[in-house]
Structures are given as structure tokens and as C-alpha cells.
Amino acid sequence: MKYTELTITTTHEAEELISSKLWEFTKYGVAVCDDNDVLELINKRRNTWDYLEDGVTANLGSGVTLVKCYLDVDTATETASKIELELNNLKEEFPNKFIWVELGLQTIHPQTIKYIRRGYDMDVF
């Protein structure tokens with residue numbers, strides 16, 4: 001089965017809200033990449049790591065949380081539109097939660113480009 005990845009940029013405080021909403025639209029899964037979780041794991045279990053690659057912790061602490069879902073490629077456009085509508089409704093319902101919807105282009109924000117290690121900058125576009 002072919003799928004496409006949809007990434008929502010948010011904060012630690014909104015990740016549960018967003019991930020539970022995304023589960024309504026996918027059967028392939030939802031993944032959360034949260035700086036706080038990674039830092040906690042590193043700090044609590046530092047003595048259990050055999051090796052930690054240089055640069056892994058360089059971008060941690062930015063406060064950015066990425067919530068990803070995987071959509072069937074055949075219906076991804078239609079489903080992404082529905083997700084965007086639902087997330088915009090969440091933004092209105094919870095104005096104090098940071099929810100940034102990016103479809104297509106991963107990001108225009110230099111700090112997010114660095115955090116997700118995209119590998120190219122905005123000059124490409």
C-alpha cells in the first residue's frame with residue numbers, strides 16, 4: 001500500500017489534541033516527535049546509551065513538536081483537505097494552542113528547516 005506523510009507542526013501542549021484528531025483520518029498510524037520526550041529519555045537513561053550520534057541533541061529544546069500521519073496516496077488530497085478543516089476548527093476552539101498546518105511544502109520557517117533536517121532551504125522554491 002502506498003501512503004503519503006502529512007506533518008503538523010505544533011507544541012507539546014497540543015500534540016495529544018492533534019494526534020487524536022489525526023487518528024480519525026488514517027489507518028496507517030500517527031507519529032509524534034516531541035523534543036521534551038527525547039530530552040527526558042536522554043537525561044533519565046543517559047547511562048544506558050551505548051552511543052549517541054553527534055548532533056542528535058543540537059536542535060532539541062526548540063519547543064516544536066511534529067505530529068505526522070500517513071494517508072492513502074489515492075485519497076490523500078481529499079483527506080488532507082478534511083484534516084485541514086478539522087485542524088482549523090481546533091484552532092478556533094483552542095486559540096491558546098499552537099497549531100500550524102503545512103501541506104505540500106514542509107515549512108517556510110528556517111528554524112523548522114534546521115530542526116527537521118530537511119536538507120535544502122527556501123531558495124529551491
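**A buried threonine, a nonpolar core and a helix pair**

Thr-11 is buried, with a relative accessible area of 18%, which puts this residue under the 20% cut-off for that class. The model discussed here is a predicted one. As for its place in the chain, Thr-11 sits in the loop that links β1 to α1. Its side chain has a polar partner: a contact of 3.2 Å ties it to the side chain of Glu-13. Beyond residues up to four places away in sequence, Thr-11 also touches Gly-63, Thr-65 and Phe-98.

Stepping back to the whole chain, the tally is 4 helices and 4 strands. Starting at the N terminus, they follow the order β-α-β-α-β-α-β-α. Of the 125 residues in the protein chain, 33% are buried. Contacts reach a long way along the sequence: take those between residues at least 6 apart, and 72% of them join residues at least 24 apart.

Now for the nonpolar core. In soluble globular proteins, nonpolar side chains tend to be buried together. Here the largest such core counts 14 residues, and Ile-18, Leu-22, Cys-69, Leu-71 and Ile-83 are the ones with the most contacts inside it. Two or more residues each come from β1 (3–10), α1 (15–22), β3 (65–72) and α3 (76–93). The top contributor is α3, which supplies 5 residues. Leu-22 gives a good look at how these pieces meet: with its neighbours within four places in sequence set aside, Leu-22 is in contact with Ile-8, Val-30, Val-67, Lys-68, Cys-69 and Ile-83.

Two of the core's contributors, α1 and α3, also pair up as helices. Their axes come within 11 Å and cross at roughly 150 degrees. That angle is over 145 degrees, so the two helices count as roughly antiparallel to each other. The crossing of α1 and α3 is right-handed. On the α1 side the contact is made by Leu-17, Ile-18, Lys-21 and Leu-22, and on the α3 side by Ile-83, Glu-86, Leu-87 and Leu-90.

Lys-21 is worth a closer look. This lysine belongs to helix α1 and counts as buried at 17% relative accessibility. Its side chain makes a polar contact of 3.2 Å with the side chain of Glu-86. Leaving out neighbours within four places in sequence, Lys-21 is in contact with Glu-86, Leu-87 and Leu-90. Lys-21 and Leu-87 are 66 residues apart in sequence, yet 8.0 Å separates their C-alpha atoms.

Another charged-type side chain in α1 is that of Glu-15. This glutamate lies in the helix and is buried, with a relative accessible area of 8%. Residues up to four places away aside, Glu-15 touches Thr-10, Val-32, Asp-34, Asp-37, Thr-65 and Val-67.

Past the end of the helix comes Phe-25, found in the loop between α1 and β2 (30–34). Phe-25 is partly exposed, with a relative accessible area of 22%; the value does not fall under 20%, so this residue misses the buried class. Not counting residues up to four places away in sequence, Phe-25 touches Leu-71, Thr-79, Lys-82, Ile-83 and Glu-86. Phe-25 and Asp-72 lie 47 residues apart along the chain, with 9.9 Å between their C-alpha atoms.

How values were computed. Residues are numbered from 1 along each chain as its sequence is written. This is a predicted model: local features need pLDDT of at least 70, side-chain atom pairs count only at pLDDT 80 or more; totals for chains, interfaces and linings use all residues. Side-chain values use heavy atoms; hydrogens and water are left out. A nonpolar core is a set of buried Ala, Val, Leu, Ile, Met, Phe, Trp, Tyr and Cys residues joined through side-chain atoms within 4.5 Å. Buried means under 20% relative accessible area, exposed over 50%, partly exposed in between (1.4 Å probe, protein chains only). Contact means heavy atoms within 4.5 Å. A polar contact is a pair of N or O atoms within 3.5 Å; within protein, one must be able to donate a hydrogen and the other to accept it, and residues adjacent in sequence count only if both atoms are side-chain atoms. Axes are lines fitted to C-alpha atoms, for helices over the stretch in contact, and angles run from 0 to 180 degrees between N-to-C directions. Angles under 35 degrees count as roughly parallel, over 145 as roughly antiparallel, 65 to 115 as roughly perpendicular and the rest as oblique. A crossing is left-handed if the near helix is turned anticlockwise from the far one by less than a right angle, and right-handed if clockwise.
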